[in-house]
Amino acid sequence: MLVETPTWPASTDELEALIQGARRRRRRRRIRAAIGLLAFMALEAKDTTAALSEMELAVQLRGDDAAAHYLYGFTLASTGKATKAEAEVRKAIALNAVYAAPHFVLGAILEFTGRKADALAEYQTFVARATQIKALWRTDWQRIPADCAM
């Protein structure tokens, strides 16, 4: 069957519970996005304490989110906290193996801490992953029919 028949709520109470659950999830997404924005605004204003606090909260709220760990690691690295930054960036890599950006930041952290050979390996991984993603984008664009292209 190509299209599944939706399962409808058995009662209005069940429907209301589904609606409330969706509203809570939407609010949580907005809160997480706001926290990330606050962190970058604080970093832009050179308030590293606030930036780190906001990013730490974002990671607590989204422990399984590779992007949250990457951004927290990036924030830690930009404030000179290399050891903690390395741990967070490695978590991001563990959560999403094809995510290219953390490999670049990890390479910079390793280079900064004097581990040049390891840094080179991470930079090479970054280039390989970024190239793979670029190739996928190119393939996706080639699939668009000529009459749909801008």
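The following dialogue examines how several descriptions of this predicted model are justified.

Biologist: What is the overall make-up of the chain in helices and strands?

Modeller: The chain has 6 helices and 0 strands, and its elements run α-α-α-α-α-α from the N terminus on. Of its 150 residues, 25% count as buried.

Biologist: Why is Thr-75 called buried?

Modeller: The relative accessible area of Thr-75 is 1%, and buried means under 20%; therefore Thr-75 counts as buried. Thr-75 is found in helix α3 and touches Leu-43, Ala-51, Leu-52 and Met-55, leaving aside residues up to four places away in sequence.

Biologist: What makes the approach of the Thr-75 side chain to the backbone oxygen of Leu-71 a polar contact?

Modeller: A polar atom of the Thr-75 side chain lies 2.8 Å from the backbone oxygen of Leu-71. The limit for such a contact is 3.5 Å, and the distance of 2.8 Å is within it.

Biologist: Why is the pair of Tyr-70 and Tyr-99 called edge-to-face?

Modeller: The ring centres of Tyr-70 and Tyr-99 are 5.5 Å apart, and their planes stand at 70°. Rings pair if their centres lie within 6.5 Å, and planes over 60 degrees apart count as edge-to-face; the pair therefore receives that name. Because Tyr-70 lies in helix α3 and Tyr-99 in the loop between α4 and α5, the pair ties together parts that are 29 residues apart in sequence.

Biologist: What makes the pair of Tyr-70 and Phe-74 tilted?

Modeller: The search of the whole structure finds 4 aromatic pairs. In one of them, Tyr-70 and Phe-74 have 45° between the planes and 6.5 Å centre to centre. Planes under 30 degrees apart would count as stacked and those over 60 as edge-to-face, with the rest tilted; at 45°, this pair is tilted. Both residues lie in helix α3, 4 residues apart, about one turn of the helix. Ring pairs link Tyr-70, Phe-74 and Tyr-99 into a cluster.

Biologist: Are the members of that cluster buried or partly exposed, and how do you know?

Modeller: Tyr-70, at 14%, is buried, because buried means under 20%. Phe-74 at 35% and Tyr-99 at 23% are partly exposed, because that class lies between 20% and the 50% above which a residue is exposed.

Biologist: How do you know that Glu-86 forms a salt bridge with Arg-90?

Modeller: The closest N and O atoms of Arg-90 and Glu-86 are 3.0 Å apart. A salt bridge requires such atoms within 4 Å, and 3.0 Å satisfies that condition. Both residues lie in helix α4, 4 residues apart. Glu-86 is buried at 13%, whereas Arg-90 is partly exposed at 39%.

Biologist: What links Glu-86 to Arg-115?

Modeller: Their side chains meet in a salt bridge at 2.6 Å, N to O, again within the 4 Å limit. The pair links distant parts of the chain: Glu-86 is in helix α4 and Arg-115 is in the loop between α5 and α6, 29 residues apart. Glu-86, Arg-90 and Arg-115 are thus described as linked in a network of salt bridges.

Biologist: What makes Glu-88 and Lys-91 a salt bridge, and is each residue buried or partly exposed?

Modeller: The distance is 3.3 Å, N to O, which is within 4 Å. The two residues are separated by about one helical turn, because they are 3 residues apart in helix α4. Glu-88 counts as buried at 9%, while Lys-91 is partly exposed at 41%.

Biologist: Why is Lys-46 called exposed?

Modeller: Its relative accessible area is 70%, and exposed means over 50%; Lys-46 is therefore exposed. Lys-46 is placed in the loop between α1 and α2, and its phi is near 65°, a positive value in a residue other than glycine.

Biologist: Which residues make the nonpolar surface patch, and what makes Leu-61 eligible for it?

Modeller: Ile-31, Leu-57 and Leu-61 make the patch, of about 250 Å². Leu-61, found in helix α2, has a relative accessible area of 45%. Patch residues need over 30%, so Leu-61 meets that requirement while counting as partly exposed.

Key. Residues numbered from 1 in each chain as written. Predicted model: local features only at pLDDT ≥ 70, side-chain atom pairs only at ≥ 80, totals over all residues. Heavy atoms only, no water. Patch = residues over 30% accessible without salt bridge, like charges linked within 9 Å, V, L, I, M, F, W, Y side chains within 5 Å. Areas by Shrake-Rupley, 256 points an atom, 1.4 Å probe, with all protein chains shown as cover. Buried < 20%, exposed > 50% of the residue type's maximum accessible area, 1.4 Å probe, protein only. Phe/Tyr/Trp six-rings, centres within 6.5 Å; stacked < 30°, edge-to-face > 60°. Polar contact = N/O pair within 3.5 Å; in protein donor to acceptor, adjacent residues only side chain to side chain. Contact = heavy atoms within 4.5 Å.
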